[in-house]
Every structure is written in structure tokens, then in C-alpha cells.
Amino acid sequence: MSPTLPSPTDGAADAGAVSAELARFIAASQWEDVPANVRHAACRALLNFFAVALSAARTPTIEAALRAYSRFSAGPQASLAGRAERVDMPTAAALNAMAANLYDFDDTHHPTIIHPTSPIAPALFALAEARPVSGRQLLHAFVLGVEAACRIGNAISPEHYARGWHITSTCGVFGSALAAGRCLGLDAAQNVHVIGAAAVQAGGLVETLGTAAKSISVGNAARNGLLSSFLVLEGFDGPARPLEGERGFLRVVSDAPRFTEITQGLGERWELLNNAYKPYPCGVVLNPVIDACLDLARDPAIADGGWRGIASIELLGHPLLRQRTDRPAISNGRQSQVCAQHAVAVSLVRGRAGLAEFSDEAAADPTLRALGSRVVFRYDADMSVDAVKVHVVFADGKTLQRDISAPRGSLARPLEDREIEQKLRQLNHDGGVNVDADRLIDAVWSLEHAADGSLPMRLATRP
């Protein structure tokens with residue numbers, strides 16, 4: 001027996017013209033309407049983007065992706081951060097997006113947990129290398145792309161992610177598509193078609209976290225968004241209501257989308273101001289755990305090998321902490337980035353939480369595996385995802401506890417500009433790239449006044 005399907009017009013009244021209103025806003029926005037603090041936030045996001053892209057540019061995963069994608073590259077149109085090779089625009093967008101997201105060290109929008117810059121900035125820089133785009137145009141398009149991606153995410157969070165959709169990929173494609181369309185000069189009507197083209201290319205699964213497969217959908221979000229804008233430029237059309245239609249994106253991927261989250265306050269509140277930057281290369285829900293454990297590692301009872309006497313480590317936090325990070329049997333560095341057992345152990349034993357602490361070598365360390373096996377989870381649904389209580393019990397009965405209400409890098413305790421700059425310098429070194437980091441930093445901060453929007457990407461390439 002066939003299921004009863006709703007009429008295509010059911011629910012139209014509560015949805016309004018969401019796609020059309022968002023499309024009009026993207027087309028009509030003026031740079032002068034973007035507040036100074038939002039412009040500054042855009043530069044912070046791009047600094048962080050180059051930091052994380054450089055860190056992963058020469059990893060085996062990106063090497064493998066480059067070999068595969070290069071088979072189909074149409075020509076040397078655009079650059080790859082941290083590398084000397086040039087590829088076509090869509091390939092550059094995909095590979096730079098993969099690199100930026102590879103180590104889970106990219107920015108995080110709250111409350112959706114979208115990493116917006118990874119899929120959006122690469123599409124824009126690839127476009128800017130092939131067509132004239134000023135620094136101001138690129139920054140403006142970036143701000144608008146983030147606005148679109150994160151507002152769409154707001155409308156379907158948290159149930160979208162909970163159902164297994166990788167929200168950075170599924171929503172990021174809308175951001176990259178509309179940002180690229182803005183640089184191509186598409187009008188409001190064309191932007192609706194861009195949204196439709198992006199909607200049919202949205203995809204990504206939470207099941208892929210900790211594997212190279214996750215990078216495919218993040219790369220696709222950048223590549224497919226760019227492709228969407230060029231398809232519409234060449235005359236492709238799409239449905240009138242690609243987001244809010246009865247079988248549109250929002251209703252398909254969420255049970256009860258909140259349409260007003262997309263349109264309410266457009267141009268008055270800006271989602272980039274809800275963007276945070278990670279101090280550690282791991283899933284964002286682990287940040288408070290690492291903060292607590294690094295503090296505990298300095299305690300005389302744990303320092304200098306005292307951790308060997310630990311009998312158990314209890315984590316009390318929001319249910320999402322266990323749902324996303326309870327992975328007791330990891331086998332590589334990528335899996336360690338979303339593993340509480342590893343994050344706890346490596347922070348307590350080594351007193352650090354950088355790239356080396358989430359590597360294949362660290363993940364295979366039997367000492368860390370043994371200590372990680374002593375982690376137990378408890379949860380409190382009323383706790384914030386930014387909070388945790390770490391309770392350590394020693395074999396002799398002694399206990400220690402650290403409570404974190406807001407970790408470093410959260411909206412309540414954001415990284416300062418100088419910390420993001422230092423992150424870029426450090427990851428440039430750690431990634432073995434060693435471009436002129438100070439010159440790149442200066443180019444990003446002054447991008448608004450640059451005649452060529454592609455300048456930062458060109459400075460980020462390896463000679």
C-alpha cells in the first residue's frame with residue numbers, strides 16, 4: 001500500500017517565501033551595510049582558514065585526493081594552499097575545503113556546529129583566481145555565504161545533525177553557492193535557482209566522522225556550490241521554493257523546520273558573530289574536556305607520572321559529549337580527534353593537545369590506550385555543551401576535580417586575534433609548509449583594500 005503524501009501546497013502558509021527572501025537579501029546587500037565588527041570577524045575566519053588548510057596541505061589524505069582529482073582537472077586555473085600545484089577551479093575549491101576541515105581544527109558556528117569557512121572560502125578564492133574579484137567583493141560574498149549557510153542550519157538544528165546529516169556539508173553547499181553567485185553578479189531570481197541547484201547536491205553523513213570519507217562531502221560542498229552558481233549563470237533554472245517547498249530541502253532533512261530562522265533579522269544580526277575558533281584539533285565538544293585535563297595535568301598528583309595511579313576518570317557533561325565522542329577502540333589519528341578517551345589520556349599524560357597529540361602515533365600509544373580505558377561517562381541534559389566536570393579517582397582513594405563552564409575558543413572565551421595569528425604561524429610550521437606567514441597575515445587583515453581578492457591564496461602557496 002502506498003503512503004499518503006501531503007499536497008504540494010500543504011504547509012505553505014507557515015513557510016512564506018523563504019528562498020526568495022534569502023535570495024533577495026544576498027543580491028541586494030551592500031558592503032556599507034555590513035558592520036565593522038562583522039568585517040573584522042570575516043578576517044578572523046579567513047586567518048583561521050589558512051592556518052588549518054596549511055596544516056593539512058601535505059598530508060597523505062590530501063596527496064591521495066590530489067592524485068584522484070587531478071585525473072579530471074581541466075587546467076591550472078587556481079592554487080592549493082601549501083602546495084605548488086595548480087588545478088581547475090572546482091578541484092581547487094574541493095581540495096582546499098578538504099584540507100581546511102581535515103584535522104577538525106576549523107571554525108565552529110554556534111549552535112549549529114557548522115564549520116562554515118571550510119566550504120565557503122575555498123570556492124571564493126578559486127573563483128577569484130580565475131575571474132577579477134576585489135578583496136572587498138570577496139569579503140562581502142564570504143560574509144553573505146556564511147549568513148546563508150548558518151541561517152539554513154539554524155532552521156534545522158539540532159535534529160538535522162542528530163538524524164545523521166553532516167551539517168557542515170549539507171548547509172555549506174548553500175553558502176558556497178550563494179557566495180560564488182554574488183561574485184558572479186547573479187540577481188535575486190537567479191539566486192533562487194542557485195539555491196535549487198545547491199539543494200540537489202547537498203549531502204554528507206555523520207557516520208563518516210573519523211575517516212577520510214568525511215572530507216569528500218566537505219570538498220563537495222565547496223565544489224558543488226561553485227558549480228551551482230556557474231550552472232545558473234549559463235541558464236539553468238530550479239524550483240520556486242527549493243528550501244521551503246513541501247519536498248524542498250528543509251522539509252526533507254528535518255521534521256519541523258523553523259523557517260523564520262532563515263529570514264528574521266536579515267541584515268540586522270549576523271551569524272559570523274556566532275563563530276568560534278578552536279585551540280585544539282578535535283571535535284568542539286571535547287574542548288572543555290581538554291581544558292579540564294590540561295589543568296589537571298599540572299597538578300602535582302598527576303604531573304611527573306602521577307597519572308599512573310589513576311583508577312577512573314569520570315566525565316559529566318551534556319549527552320552530546322558521549323554521543324559524539326565515546327569511541328573506545330580507535331585505530332588512527334583522525335579517529336582520535338573525535339574520541340574522548342584519547343583526548344583525556346593524551347592531555348593528562350603529555351600535558352599538550354596539539355596536532356602531534358592527535359596523530360597516528362599518539363593514537364597507537366599503548367600507554368594512552370590503557371589510561372583512556374578508565375574513562376567513564378555520565379550526562380546531565382541541563383548542562384551546556386560547553387561545560388564539563390572531570391572527576392579523577394586514584395587507586396589510593398584520593399580524588400581531583402576540575403569544572404569548566406566555558407572552554408577556550410568558545411563564544412564566552414574567544415581566541416584573541418593574536419592567538420589566531422599564532423595558530424597560523426604554528427600550523428604553517430607543523431604542516432611543513434613554511435610560507436611567509438607574517439605576509440599572509442597582513443594580506444588577510446588588509447584584504448578589504450586589495451584590488452585582487454586572490455592575493456592571500458597566492459601568498460599561501462608553496463613556491
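What is the order of the strands in the open sheet of four strands? The views below start there. This is a predicted model, in which local features need pLDDT of at least 70, side-chain atom pairs count only at pLDDT 80 or more, and totals for chains, interfaces and linings use all residues. Residues are numbered from 1 along each chain as its sequence is written, and side-chain values use heavy atoms, leaving out hydrogens and water.

**View 1. The open sheet follows the order β6-β5-β7-β8, with mixed pairing.** Strands here are DSSP runs (E, at least two residues), helices are also DSSP runs (H or I, at least four), and both are numbered from the N terminus. Two strands pair if DSSP finds at least two bridges between them. At the edges are β6 (375-379) and β8 (399-404), each pairing on one side only. On average, neighbouring strands of this sheet are turned by 15° against each other, direction ignored. Look for β5 (residues 310-317) beside β6: the two run parallel and are joined by five bridges. Within this pair, I313 stands opposite V375 in β6.

**View 2. Helices α14 and α17 lie across strands of the sheet.** Helix α14 (residues 287-297) lies across β5, β7 (388-394) and β8, and runs at about 140° to β8. Helix α17 (residues 340-350) lies across β5 and β6, at about 125° to β5. Axes are lines fitted to C-alpha atoms (for helices, over the stretch in contact), and angles run from 0 to 180 degrees between N-to-C directions. Contact means heavy atoms within 4.5 Å.

**View 3. Helix α6 (residues 117-130) packs with helix α9 (residues 167-183).** Their angle is about 30°, and their axes are 8 Å apart. The two helices are therefore roughly parallel to each other (angles under 35 degrees count as roughly parallel). From α6, P119, I120, A123, L124 and L127 meet a set of α9 residues that includes T168, G172 and A179. By class, this contact has eight nonpolar, four polar and no charged residues. Nonpolar here covers Ala, Val, Leu, Ile, Met, Phe, Trp, Tyr, Cys and Pro; Asp, Glu, Lys and Arg count as charged, and the others, Gly among them, as polar.

**View 4. Two cis peptide bonds can be found at P111 and P158.** One joins H110 and P111, with omega about 15°, and P111 lies in the loop between β3 (108-109) and α6. That loop between β3 and α6 also holds I113, whose phi is near 70°, a positive value in a residue other than glycine. The other cis bond joins S157 and P158, with omega about 5°. You will find P158 in the loop between α7 (135-156) and α8 (159-162).

Notes
Angles under 35 degrees count as roughly parallel, over 145 as roughly antiparallel, 65 to 115 as roughly perpendicular and the rest as oblique.
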